[in-house]
Amino acid sequence: MTFHTTAKFAAAACLAFVLGAASAAAAPEVGKPAPDFTGVDTHGKTHTLKELRGKTVILEWSNDGCPYVQKHYGSGNMQKLQKDTTADGIVWLTVVSSAPGTQGNLPPADHDALMQKRDAAPSAVIIDEEGTIGRTYGAQTTPHMYIITPDGNLAYKGAIDDKPTANQSDIEGARNYVREALEQIAAGKPVDPAVTRAYGCSIKYKTS
């Protein structure tokens, strides 16, 4: 069995598990206030949603070992979206909810080195080892995307695009839900679709 075949089966198994999983907490509703959170980034800085009021905020759940995350970073797709949005003044927070000892959990310096290696451009990387922020938002997969408007309401939650595979070749021609939602928000239009089914690897939450 080739490496690519092995990776394909692993990704498929991961996806099948995630799509059947249920959120551990009631997820916030689109069109209603997004729940506040407090998170510390890789540089020790504390971030709260309350302090970001007046700005559009994107939350991206990530795990560097997940093939679905690797799809979007290996192709440069996630980095381009990060750079385009932050250039417009949008705050992009990459959240890592992997518990200690699980896939995706790294020391802060290693997260920073990885982002630099990838030429990634989030506003900050939030370490959520206890899974508090992830469970508050009902995040289930990596990636799992959320958009919060300047008035503090949740405008979008779900997948980054409409191609639920780990294949980089599927990015071309994909419908990027996040970019589309941001364009609708900027135009003063309702976000449609506002909710999609996230795909990816299960978030490695702390279990005890």
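Let's start with His47 and what surrounds it. Setting aside neighbours within four places in sequence, His47 is in contact with Phe37, Thr38, Gly39, Asp41, Leu93, Ala124 and Ile126. Keep in mind that this is a predicted model. His47 sits in strand 2, residues 46-48. Is His47 buried or exposed? Its relative accessibility is 11%, and buried means under 20%, so His47 counts as buried.

Two of those partners deserve a second look. Take Asp41. Its side chain and that of His47 are joined by a polar contact of 2.8 Å. Now Ala124. In sequence, Ala124 and His47 are 77 residues apart. In space, their C-alpha atoms are 9.1 Å apart.

Next, the cores. The largest nonpolar core has 27 residues. Which residues have the most contacts inside it? They are Ile58, Met145, Ile147, Tyr156, Ile160 and Val178. Helix 2, helix 3, strand 4, strand 7 (144-148), strand 8 (154-158) and helix 6 each supply at least two residues of this core. Helix 6 gives the most, with four.

Look at Met145 in particular. Beyond residues up to four places away in sequence, Met145 touches Ile58, Leu59, Glu60, Trp92, Tyr156, Lys157, Gly158, Ala159, Ile160 and Val178. Apart from this core lies another, of 20 residues. Its members include Trp61, Val95, Ala124 and Ile148. That brings back Ala124, the contact of His47.

On to helix 3, residues 77-87. Its buried residues are Asn77, Met78, Gln79, Leu81, Gln82 and Thr85. What covers them? The cover includes strand 3 (57-61), helix 2 (67-74), strand 4, helix 4 and helix 6 (177-186). After helix 3 comes Gly89, with a positive phi, near 90 degrees.

Last topic: the cavity. How many cavities of 30 Å³ or more are there? The count is one. Its volume is about 60 Å³. The lining is Ser62, Asn63, Asp64, Thr94, Val96, Gly104, Leu106, His111, Leu114, Met115, Arg118 and Val125. Strand 4 (91-96) and helix 4 (108-118) are the elements that give two or more residues to that lining. Helix 4 has the largest share, four residues. By class, the lining has five nonpolar, five polar and two charged residues.

To recap: His47 is buried and makes a polar contact with Asp41. Helix 6 gives the most residues to the largest core. Helix 4 gives the largest share of the cavity lining.

Technical notes
Residues numbered from 1 in each chain as written. Predicted model: local features only at pLDDT ≥ 70, side-chain atom pairs only at ≥ 80, totals over all residues. Heavy atoms only, no water. 1 Å grid on protein atoms, 1.4 Å probe; cavity = no way out; pocket = protein on both sides within 12 Å on 5 of 7 lines; lining within 4 Å. Points joined across faces, edges and corners; volume = space filled by probe spheres on them. Nonpolar A, V, L, I, M, F, W, Y, C, P; charged D, E, K, R; others polar. Buried < 20%, exposed > 50% of the residue type's maximum accessible area, 1.4 Å probe, protein only. Contact = heavy atoms within 4.5 Å. Core = buried A, V, L, I, M, F, W, Y, C linked by side-chain atoms within 4.5 Å. Polar contact = N/O pair within 3.5 Å; in protein donor to acceptor, adjacent residues only side chain to side chain.
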